[in-house]
Amino acid sequence: MRRVLSLPSWSARPILLGLWVLGACQPVAHDRVPAMSDQCESCHLPEYRSAKNPVHEGALPQKCAVCHSTESWIPSEFHHPWALTGAHAKAQCTACHTGKPPKYKGTSTLCVDCHKPQYVAAKNPVHESALPTGCEVCHSTKAWTPSAFQHPWALTGAHATVACNACHTGTPPKYKGTGQQCVDCHRKNYDSSPYPGHQSFPTTCQDCHSTKAWKPASAGAHPENLFPIQTGAHKNIACATCHSLPGVTSKANTDCVQCHAQAKYAGKHQDVGGYPTGTAPANFCVSCHTDGRVHDN
Ligand code: HEC
Ligand code: HEC
Ligand code: HEC
Ligand code: HEC
Ligand code: HEC
Ligand code: HEC
Ligand code: HEC
Ligand code: HEC
Ligand code: HEC
Ligand code: HEC
Ligand code: HEC
């Protein structure tokens with residue numbers, strides 16, 4: 001807010017007089033010529049001309065009373081029309097009001113008008129042509145780092161410490177339209193997973209994985225309706241114990257015979273037609289016991 005041009009308060013008069021009586025300072029003209037006090041410049045033009053910090057001449061209005069009381073020049077009573085917060089409070093007037101004499105009117109309030117060089121130089125993360133130029137969305141005037149930026153997509157687990165440009169690839173990095181599905185970025189991990197039969201799993205990784213780490217996988221994604229592992233004989237068996245047939249990518253990448261030796265169970269199937277006697281795949285039990293249970297028929 002610009003301070004309105006107004007007469008200085010004359011309540012200061014007795015104070016000045018008091019100071020004078022106490023001999024604290026030399027007699028000043030102020031208490032003898034109060035009527036002229038709205039024309040400070042008629043007596044104080046030399047001070048105006050020599051003022052260096054900030055430079056006044058040709059830059060600030062000559063209406064001293066707008067910014068000064070009669071008590072002292074420093075500090076001034078000037079209320080800057082644009083809040084000087086954070087690092088701006090300590091900046092020299094002439095750092096923003098450049099030129100000789102400095103220009104005050106028409107100074108831009110847009111961050112980027114003064115901070116374009118920092119924007120261009122920013123490397124971590126790269127800003128130029130990648131981030132919007134409305135710095136205030138992500139930065140305060142205190143310091144550039146840390147930024148107040150709220151990432152629009154929760155960066156949880158391992159993602160919290162991943163460099164921006166690992167996800168926002170390219171030169172300059174692309175931000176808009178970054179894939180949000182796990183598989184958009186983790187296809188390679190999926191394809192190269194040493195865990196057998198991954199390609200038989202859906203690509204919605206979050207069904208079985210959190211962003212913390214691939215191992216251990218979280219349970220809960222098993223098709224209980226088809227083959228229960230939360231109840232019955234197959235409770236508490238680790239996923240990889242059953243799904244352990246390398247190269248088998250179908251749902252039946254399950255090794256049953258490691259626990260149920262073919263020969264051992266032959267005896268139980270003497271009345272059952274079709275129980276194999278020769279070589280059989282390691283998951284042959286599942287073709288008859290599709291849910292891993294015995295049913296009376
Ligand atoms: C728009 C506001 C403004 C106006 C108008 C203004 N000044 Fe100032 N002046 C300031 C500010 C701000 C300072 C710095 C105060 C500080 O450092 O706390 C200052 C400082 C000064 C100083 C000390 C300068 C130095 O280099 O140490 C003098 C002397 C001064 N002003 C005189 C004047 C006189 C005389 C006038 C009128 C003819 C005037 N000012 C008008 C804002 C103003
Ligand atoms: C008729 C002349 C005259 C007018 C008008 C006048 N002054 Fe002064 N002012 C003086 C004189 C004389 C002194 C004391 C000598 C000196 O310090 O230079 C002084 C001193 C000052 C001082 C210095 C105090 C100090 O401690 O160093 C300030 C600040 C000041 N005046 C501000 C103002 C302001 C603001 C106005 C307008 C509201 C004003 N003066 C109007 C003559 C005037
Ligand atoms: C960090 C940058 C910055 C600093 C430091 C700064 N200013 Fe400003 N100043 C501005 C901006 C921006 C405006 C424009 C505000 C607006 O138009 O709303 C402005 C406006 C002004 C104006 C009003 C100009 C007009 O007539 O419209 C004056 C006078 C002024 N500043 C004086 C000063 C003085 C004196 C200092 C030092 C004490 C200072 N400024 C320090 C950025 C700054
Ligand atoms: C009129 C010019 C101007 C405008 C507008 C401006 N600044 Fe500044 N800013 C400066 C100056 C001058 C400095 C001090 C010198 C420096 O460190 O660059 C500064 C310093 C800073 C700093 C501290 C830099 C450091 O290295 O510590 C930050 C952060 C900052 N400004 C952020 C902003 C933001 C955010 C905006 C927009 C809301 C903004 N600035 C608008 C001129 C400006
Ligand atoms: C979309 C958010 C966003 C916007 C908009 C943005 N920044 Fe940043 N900026 C960041 C983030 C995030 C950082 C990293 C902060 C950290 O490391 O804590 C950063 C860091 C910086 C750094 C330090 C870079 C380095 O390499 O050390 C500077 C300087 C910077 N920003 C300047 C700017 C300027 C100037 C603007 C406006 C022209 C701007 N930023 C706009 C998010 C943003
Ligand atoms: C683990 C991956 C990942 C990391 C790390 C990451 N981002 Fe993102 N970012 C995303 C995803 C996913 C989106 C969402 C895209 C969408 O909503 O369209 C996104 C969105 C954004 C957007 C909004 C783009 C827009 O306009 O829609 C910005 C800006 C952004 N990120 C900046 C950053 C910055 C700066 C960093 C580093 C501090 C960072 N990101 C780190 C994945 C990441
Ligand atoms: C925009 C790209 C992107 C998206 C989307 C994404 N990630 Fe990531 N993720 C990364 C990057 C980059 C890394 C770090 C490099 C690496 O380890 O692959 C990472 C790391 C990880 C890690 C740590 C890997 C390790 O070796 O420690 C896990 C676990 C992970 N992500 C899981 C997920 C899951 C689950 C989802 C879906 C909810 C997901 N990610 C979505 C990019 C992404
Ligand atoms: C139906 C559940 C399921 C789905 C869906 C799934 N995974 Fe897995 N994944 C597992 C299981 C179970 C393991 C073995 C973890 C263990 O040993 O604790 C595993 C292991 C992995 C490993 C190997 C970790 C290692 O170092 O041994 C990677 C990499 C992996 N998954 C990536 C993915 C990716 C990427 C996706 C999505 C595109 C995905 N997975 C989808 C269940 C799943
Ligand atoms: C006792 C053996 C066994 C254990 C332990 C087991 N599974 Fe399964 N799983 C199977 C069998 C058998 C099927 C096939 C069911 C069907 O489709 O009829 C299957 C099917 C699946 C399917 C569906 C595949 C598809 O293509 O439809 C997923 C996903 C799966 N298992 C993931 C897991 C995960 C994750 C774990 C650990 C939490 C796990 N399994 C533990 C035996 C097991
Ligand atoms: C980690 C060892 C292990 C694996 C692997 C395993 N089972 Fe079992 N299974 C058991 C145990 C223990 C029992 C209970 C004792 C028994 O009946 O032999 C059992 C019982 C059974 C039964 C009888 C259940 C009932 O209702 O009485 C069937 C049928 C069966 N398993 C089928 C399968 C099939 C099909 C697979 C492969 C997809 C499989 N099992 C893989 C350990 C395993
Ligand atoms: C050709 C189909 C077929 C195959 C292959 C097969 N079973 Fe069976 N199994 C049956 C039938 C039919 C029964 C009689 C009960 C029933 O109908 O569920 C039975 C009964 C059982 C019983 C109960 C026996 C008893 O003592 O009452 C067990 C345990 C069993 N099977 C486990 C297995 C295991 C383990 C495998 C693989 C090593 C396997 N079966 C392979 C069809 C099959």
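1. Start with Gln118 and ligand 4: a polar atom in the side chain of Gln118 sits 3.4 Å from an oxygen atom of this ligand. Keep in mind that this is a predicted model.

2. Two histidines also reach ligand 4. The side chain of His88 has an N or O atom 2.8 Å from a nitrogen atom of the ligand, and for His115 the distance from such a side-chain atom to a nitrogen atom of ligand 4 is 2.8 Å as well.

3. Now for the wider shell. Ligand 4 has 18 residues around it, and the nearest are His88, Ser108, Cys111, Cys114 and His115. By character, the shell splits into nine polar and nine nonpolar residues, with no charged ones.

4. Which helix gives the most to that shell? Look at α4, which puts in four residues. Both α3 (93-96) and α4 supply at least two residues each.

5. Next, have a look at ligand 7. Its iron atom is coordinated by the NE2 atoms of His159 and His186, at 2.0 Å. His159 belongs to the loop between α4 (111-121) and α5 (164-167), while His186 is in helix α6 (residues 182-191), so the pair ties together parts 27 residues apart in sequence.

6. Why call the iron site of ligand 7 octahedral? Because the six donor atoms around the iron subtend angles of 89 to 179°, and six donors count as octahedral if opposite ones are over 155 degrees apart and all others between 65 and 115.

7. Are the two iron-binding histidines buried or partly exposed? His159 is buried, with a relative accessible area of 19%, whereas His186 counts as partly exposed at 22%. The cut-off for buried is under 20%.

Methods. Residues numbered from 1 in each chain as written. Chains lettered and ligands numbered in written order. Predicted model: local features only at pLDDT ≥ 70, side-chain atom pairs only at ≥ 80, totals over all residues. Heavy atoms only, no water. Donors = N, O, S within 2.8 Å, 3.2 Å for Na, K, Ca; no water. Tetrahedral: all angles 85-135°; square planar, octahedral: opposite > 155°, others 65-115°. Buried < 20%, exposed > 50% of the residue type's maximum accessible area, 1.4 Å probe, protein only. Near = heavy atom within 4 Å. Polar contact = N/O pair within 3.5 Å; in protein donor to acceptor, adjacent residues only side chain to side chain. Nonpolar A, V, L, I, M, F, W, Y, C, P; charged D, E, K, R; others polar.
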